[in-house]
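Work through the exercises below with the sequence and the coordinates open. Try each task before reading its solution.

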Amino acid sequence: MERTDTAGQNVLFVVMDTVRKDHLSVYGYDRPTTPGLEAFAEEAAVYEQAVAPAPWTLPVHASLFTGLYPSQHGASQENPYLEGATTLAQTLSDTHRSACYSSNAWITPYTHLTDGFDDQDNFFEVMPGDFLSGPMAKAWKTMNDNEKLRKIADWLVSVGNKAHEYLASGEGADSKTPQVIDQTQDFIDSADDNWFQFINLMDAHLPYHPPEEYREEFAPGADPQEVCQNSKEYNCGARDIDDDEWADIQGLYDAEIRHIDAELQRLFDWMQAEGHWEDTLVVVCADHGELFGEHDLYGHEFCIYDPLVNVPCMVKHPDLEPGRYDQQLELVDLYHTVLDHAGVESGDAQAVDLDPSRSLLSDSHREGVVPPRTDADDVDFGEYAFVEYYRPVVELKQLEQKASNAGITLDTDSRFYSRMRAARRLDGKYIRNERITDEFYRLDEDPGETDDRIAADDPVKEEVEATLSEFEDLVGGEWKEVDDDDVLGDMSDDAKDRLQDLGYIE
């Protein structure tokens with residue numbers, strides 16, 4: 001493929017999966033979880049009010065790769081594929097070599113999130129890492145898209161997944177982050193033109209089995225085999241967790257974050273030593289956070305509260321002044337920032353063209369921002385961020401099974417079965433719930449979202465709710481019904497096995 005000369009426009013995009021902002025020392029946490037990112041912050045813009053468009057991996061990454069909101073790109077548990085959209089890697093294909101490395105079960109050719117990358121690898125314990133890498137990726141995608149060939153693919157992956165299930169359940173579990181970093185170094189070192197490298201680091205996602213050195217530092221005495229590592233057991237009421245156990249769980253979580261930080265520091269040090277650092281746009285963010293008992297929830301399902309969607313975001317660029325920034329931004333702005341840095345504007349009608357007002361490199365960042373692919377010139381969305389959560393079909397299956405095993409009947413008119421949307425600005429957040437009462441929080445007075453003021457006479461509530469209604473009108477209005485069995489029935493055994501390993505289903 002012929003590529004345009006765009007020297008000095010390399011991109012390293014890092015997603016720390018499931019990392020909540022207030023567990024990072026670079027954001028003021030009182031445990032030294034991120035000394036490497038603290039050093040990185042000395043030359044980066046550190047954003048305090050970055051908002052993810054959803055509280056879990058698939059829709060957030062689809063938004064990062066398309067610049068679209070979940071209701072626009074359509075990738076959710078109701079439809080677990082990115083279809084009919086041009087990805088960031090495809091848009092950069094004429095100017096950049098690209099690679100995507102992760103150990104996340106959602107970021108694979110199966111979901112189409114890796115479409116457009118010149119190289120991709122999914123370090124999923126035993127399988128399908130090497131099998132899905134390089135030239136095999138297209139063959140694997142073809143197999144999964146063909147009903148007869150898919151049976152062969154499913155059998156191959158089932159063998160690896162059985163081994164993975166054994167390894168991931170005990171002391172044999174090991175992080176794939178070092179391999180992700182090693183392969184990233186190999187890709188960057190071998191690139192003979194501009195490159196776009198995307199990595200997702202999964203250490204902080206359940207289950208937690210951190211390396212021994214960090215476990216001893218952050219969770220001495222904690223036994224990963226004894227603490228609750230399945231959030232659905234707690235959420236359905238089948239398992240209690242006391243304060244001591246929460247402390248152990250969070251200690252293990254902090255140890256996993258410390259390992260991510262150490263590996264990122266290794267990558268950054270290498271890039272600086274090898275001359276790959278100075279002009280490279282480096283983005284480090286999380287796709288979502290995690291709850292540890294807040295709102296009586298564990299994990300990152302069934303809500304869109306700030307510990308899940310107000311995520312860490314740090315950006316290094318020669319044109320960005322290092323420091324702390326309090327203005328609100330959306331992770332979809334990073335899509336436009338990458339295109340702005342790369343000097344690329346898509347000519348594909350299916351792609352979202354570069355919106356200068358959404359680029360962090362623009363002096364007019366978020367002035368006149370509107371949802372992409374809409375005509376909303378008369379509505380000011382610049383102060384707002386929007387979050388969407390579709391019906392959590394996969395999580396519900398496991399939650400219902402855990403509840404049934406414990407003799408518990410779940411209320412179908414509850415948050416477990418609700419779709420949700422929110423409009424958020426710095427002083428207030430309005431949450432539209434499908435099956436339960438809407439919620440409103442004054443974030444300026446109640447950042448922990450503990451005082452629901454939905455019944456209050458508050459002009460902030462009226463303004464934020466009205467803007468959420470405008471957004472909903474622009475992106476499609478009411479939710480449509482979906483049959484849970486149809487969603488899971490359409491998934492291959494490969495996808496189901498992967499979700500099982502991550503604790504989404506049984």
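Two strands pair if DSSP finds at least two bridges between them. Helices (H or I, at least four residues) and strands (E, at least two) are DSSP runs, numbered from the N terminus. The model is predicted, so local features need pLDDT of at least 70, side-chain atom pairs count only at pLDDT 80 or more, and totals for chains, interfaces and linings use all residues. Residues are numbered from 1 along each chain as its sequence is written, and side-chain values use heavy atoms, with hydrogens and water left out.

**Exercise 1. Trace the sheet.**

Task: give the strand order of the open sheet of eight strands, and find its edges.

Solution.
- Start with the order. It reads β4-β3-β5-β1-β6-β9-β2-β10, and the pairing is mixed.
- Next, the edges. β4 and β10 (323–330) each have a single partner strand, so one side of each lacks a neighbour in the sheet.
- Then the twist. From one strand to the next it averages 15 degrees.
- Now take one pair. β1 and β5 run parallel and are joined by six bridges.
- Fix the register. Val-11 stands opposite Phe-196 in β5.

**Exercise 2. Place two helices on the strands.**

Task: state which strands α7 touches, and which strands α10 lies across.

Solution.
- Set the terms. Contact means heavy atoms within 4.5 Å. Axes are lines fitted to C-alpha atoms, for helices over the stretch in contact, and angles run from 0 to 180 degrees between N-to-C directions.
- Take α7 (residues 177–190). This helix packs on the sheet and touches β1, β3, β4 and β5. Its direction makes about 180 degrees with that of β5.
- Take α10. This helix lies across β1, β5 and β6 (281–286). It runs at about 170 degrees to β1.

**Exercise 3. Examine Met-271.**

Task: is Met-271 buried or exposed, and what does it touch?

Solution.
- Locate the residue. Met-271 lies in helix α10 (residues 243–273).
- Apply the cut-offs. Buried means under 20% relative accessible area, exposed over 50%, partly exposed in between (1.4 Å probe, protein chains only).
- Met-271 has 0% relative accessibility, so it counts as buried.
- List its contacts, leaving out residues up to four places away in sequence. They are Leu-12, Ile-188, Trp-195, His-276, Trp-277 and Thr-280.
- Check one distance. Ile-188 is 83 residues from Met-271 along the chain, and their C-alpha atoms are separated by 8.8 Å.

**Exercise 4. Sort the aromatic pairs.**

Task: count the aromatic pairs and classify Tyr-253 with Phe-292.

Solution.
- State the rule. Rings of Phe, Tyr and Trp (its six-membered ring) pair if their centres lie within 6.5 Å; planes under 30 degrees apart count as stacked, over 60 as edge-to-face and the rest as tilted.
- This rule gives 24 aromatic pairs.
- Tyr-253 and Phe-292 have ring centres 4.9 Å apart and planes at 70 degrees, so the pair is edge-to-face.
- Tyr-253 is in helix α10 and Phe-292 in strand β7 (residues 291–292), so the pair ties together parts 39 residues apart in sequence.
- Both partners are covered. Tyr-253 is buried at a relative accessible area of 0%, and Phe-292 is buried at 6%.
- Now the pair of Tyr-305 and Tyr-441. It is edge-to-face, at 6.0 Å centre to centre and 75 degrees between the planes.
- Tyr-305 is in the loop between β8 (298–299) and α11 (306–309), and Tyr-441 is in strand β14 (residues 439–441), 136 residues apart.
- Tyr-305 is buried at 2% relative accessibility. Tyr-441 is buried too, with a relative accessible area of 4%.
- Finish with the cluster. Tyr-208, Tyr-234, Trp-246, Tyr-253, Phe-292 and Tyr-298 form one aromatic cluster.

**Exercise 5. Judge the cover of α2 and Asn-104.**

Task: how many residues of helix α2 (residues 57–66) are buried, and which elements do they pack against?

Solution.
- Count. Ten of the ten residues in α2 are buried.
- Name the partners. The buried residues pack against β1 (11–16), α3 (70–73), α4 (88–91), β5 (195–201) and α12 (332–342).
- Look just past the helix. Gly-67 takes a positive phi of about 75 degrees.
- Move to Asn-104. This residue is in the loop between β3 (97–102) and β4 (119–122), and is buried with a relative accessible area of 0%.
- Asn-104 touches residues including Thr-57 and Asn-122.
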